[in-house]
Amino acid sequence: MASEDYGGKVAGRTIEIVAADHQNKTDIGLNIARRWYDTERVDAIFDVPNSAIALAVANITEQKNKVFVGSGAGTSAC
């Protein structure tokens with residue numbers, strides 16, 4: 001709904017919302033993030049509620065110089 005509110009575009013770029021099921025498995029979540037960044041041209045990942053997967057996604061996101069906004073996971077690991 002948010003992308004529709006903005007007309008489906010921001011700064012001339014089309015907004016596309018994608019989703020995937022990581023099945024609460026870190027390796028699957030990390031592979032999804034890697035595929036999105038490397039082959040599907042995803043620029044940002046939002047809300048990964050599992051802390052182990054969120055840490056892995058945050059790490060690969062930093063390596064790829066992309067954006068990750070985690071709002072559901074919580075951990076004391078840095």
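**Entry 1: Threonine 61**

I looked up the contacts of threonine 61 and, leaving out residues up to four places away in sequence, found that it touches Tyr37, Lys66, Val67 and Phe68. I note that the model is a predicted one, and I read each entry here with that in mind. Threonine 61 lies in helix α3. Is threonine 61 buried or exposed? Its relative accessible area is 3%, so I recorded threonine 61 as buried, the cut-off for that word being under 20%.

**Entry 2: The nonpolar core**

Next I asked which residues make up the largest nonpolar core. I counted 11 residues in all. The list opens with Ile32, Ala33, Trp36 and Tyr37, continues with Val42, Ile45 and Val48, and ends with Ile53, Ala54, Val57 and Ile60. Two helices, α2 (26–38) and α3 (51–64), each supply at least two residues of this core. Tyr37, a member of this core, had already appeared in my notes as a contact of threonine 61.

I then examined alanine 33 within the core. Neighbours within four places in sequence aside, alanine 33 is in contact with Ile45, Val57 and Ile60. I found these three partners in the core list as well.

**Entry 3: The largest pocket**

I turned to the largest pocket, for which I noted a volume of about 970 Å³. The elements giving two or more residues to its lining are α1 (2–5), β2 (13–14), α2, β3 (44–46) and α3. Which element gives the most to this lining? I found that it is α2, with 4 residues.

In total, 31 residues line the largest pocket. Those nearest its centre are Glu16, Ile17, Val18, Val42 and Ala44. Val42 is also part of the largest nonpolar core. Sorting the lining by class, I recorded 19 nonpolar, 4 polar and 8 charged residues.

**Entry 4: The protein as a whole**

Finally, I looked up the overall arrangement. How many helices and strands are there in the protein? I counted 3 helices and 4 strands. From the N terminus on, I read their order as α-β-β-α-β-α-β.

The C-alpha atoms fill a box of roughly 40 × 25 × 25 Å along the principal axes. The protein has 78 residues, and 23% of them are buried; threonine 61 is one of the buried residues. For the accessible surface I noted about 5700 Å², with 50% belonging to carbon and sulfur atoms. Of the contacts between residues at least 6 apart in sequence, 43% join residues at least 24 apart.

Terms used
Residues are numbered from 1 along each chain as its sequence is written. This is a predicted model: local features need pLDDT of at least 70, side-chain atom pairs count only at pLDDT 80 or more; totals for chains, interfaces and linings use all residues. Side-chain values use heavy atoms; hydrogens and water are left out. A nonpolar core is a set of buried Ala, Val, Leu, Ile, Met, Phe, Trp, Tyr and Cys residues joined through side-chain atoms within 4.5 Å. Buried means under 20% relative accessible area, exposed over 50%, partly exposed in between (1.4 Å probe, protein chains only). Contact means heavy atoms within 4.5 Å. On a 1 Å grid over the protein atoms alone, a cavity is a set of points where a 1.4 Å probe fits but cannot get out, and a pocket is an open set with protein on both sides within 12 Å along at least five of seven lines; lining residues have an atom within 4 Å of a point. Grid points are joined across faces, edges and corners, and a volume is the space filled by probe spheres set on the points. Ala, Val, Leu, Ile, Met, Phe, Trp, Tyr, Cys and Pro count as nonpolar, Asp, Glu, Lys and Arg as charged, and the others, Gly among them, as polar. Accessible areas come from the Shrake-Rupley method with a 1.4 Å probe; for residues, only the protein chains shown count as cover.
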